[in-house]
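Biologist: Before accepting the descriptive terms applied to this model, I should like to see each one set against its definition. Shall we proceed term by term?

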Amino acid sequence: MTMWPDWERNFEIARAALDWQVEMGVDEAICDAPINRYDLPGRVERAARPVAVPPAGASGQPATADPVAAARAAAGVATSLAALRDELAAYPHCELRQGARNLVFSDGQEGARVMIVGEAPGREEDLQGKPFVGEAGQLLDRMFAAIAMGRAHPDPRRALYITNILPWRPPQNRDPSPGERAMMRPFVLRHIELAAPDILLLMGRIPAMTLLETSEGITRIRGQWREVGGRPALPMFHPAYLLRNPAAKREAWADLLELQARLRELT
Ligand code: URA
């Protein structure tokens with residue numbers, strides 16, 4: 001029988017515990033300093049995790065049992081983008097808010113002619129509270145710079161306004177569930193109304209499915225003009241997809257040229 005020194009045994013136990021957590025999907029530490037739970041005094045009773053649920057939206061609407069109806073009511077009372085953000089921040093029904101660091105509402109210029117709707121914040125977006133600031137976002141910025149447009153462009157004709165279907169990061173960047181998409185849809189539709197862009201770009205499968213209420217795949221519908229709330233909407237490949245499939249950049253470029261042509265037509 002092998003007799004391990006204590007330190008080696010403790011190391012192996014700690015490593016097994018860490019491996020188990022990684023296997024369960026833990027991908028980041030949430031405290032600056034580690035906590036040795038074996039050293040905590042007494043037995044810690046397991047209590048249900050308190051959930052910070054506001055009793056009512058900023059609109060004063062009572063929380064209702066139907067999350068989609070509640071979302072419609074809350075979004076409907078917002079008369080400005082700032083008010084819509086407040087309504088989202090107060091909306092209690094989407095559990096993703098519990099795990100997110102920040103609500104990611106929008107970036108870019110209000111009043112831009114082009115509004116981009118993406119899927120959901122990832123890790124970087126959750127940390128910074130802004131959409132499309134990670135690797136996919138950097139590609140997005142380069143794509144639009146190629147047609148002289150950008151989120152920080154001072155000219156509204158060349159500026160972009162950017163949001164996502166979900167304002168909170170889903171755990172492990174999983175796809176939003178149908179329930180989460182249905183809850184957020186009224187907020188995104190109101191967001192579009194209030195931002196009033198000339199053209200919408202639907203970046204990827206999730207915004208296309210959610211706003212067009214279609215089950216058609218993005219490969220089939222990208223580059224085809226559709227309508228959302230009476231505005232022209234162009235589904236495109238998501239930049240994260242382009243990072244994985246660089247050959248599809250050819251189609252993305254064609255879609256950017258299509259956007260340019262449509263903007264000229266509408267001027
Ligand atoms: N992907 C998205 O769809 N949105 C983001 O904000 C970041 C990555």
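Modeller: A salt bridge is a side-chain nitrogen of Lys or Arg within 4 Å of a carboxyl oxygen of Asp or Glu. The structure holds 12 of these salt bridges. This is a predicted model, in which local features need pLDDT of at least 70, side-chain atom pairs count only at pLDDT 80 or more, and totals for chains, interfaces and linings use all residues. Residues are numbered from 1 along each chain as its sequence is written, and side-chain values use heavy atoms, with hydrogens and water left out.

Biologist: What makes the pairing of D198 and R113 a salt bridge?

Modeller: The N to O distance between their side chains is 2.6 Å, and the definition asks for within 4 Å; the pair therefore qualifies. D198 lies in the loop between helix 7 (178–195) and strand 4 (199–203), and R113 in the loop between strand 1 (107–108) and strand 2 (114–118), so the pair ties together parts 85 residues apart in sequence. Helices (H or I, at least four residues) and strands (E, at least two) are DSSP runs, numbered from the N terminus.

Biologist: Why is the approach of H238 to the ligand called a polar contact?

Modeller: A polar contact is a pair of N or O atoms within 3.5 Å. A polar side-chain atom of H238 lies 2.8 Å from a ligand oxygen, which therefore meets the cut-off. A polar backbone atom of E119 is likewise 2.7 Å from an oxygen atom of the ligand.

Terms used. A polar contact is a pair of N or O atoms within 3.5 Å; within protein, one must be able to donate a hydrogen and the other to accept it, and residues adjacent in sequence count only if both atoms are side-chain atoms.
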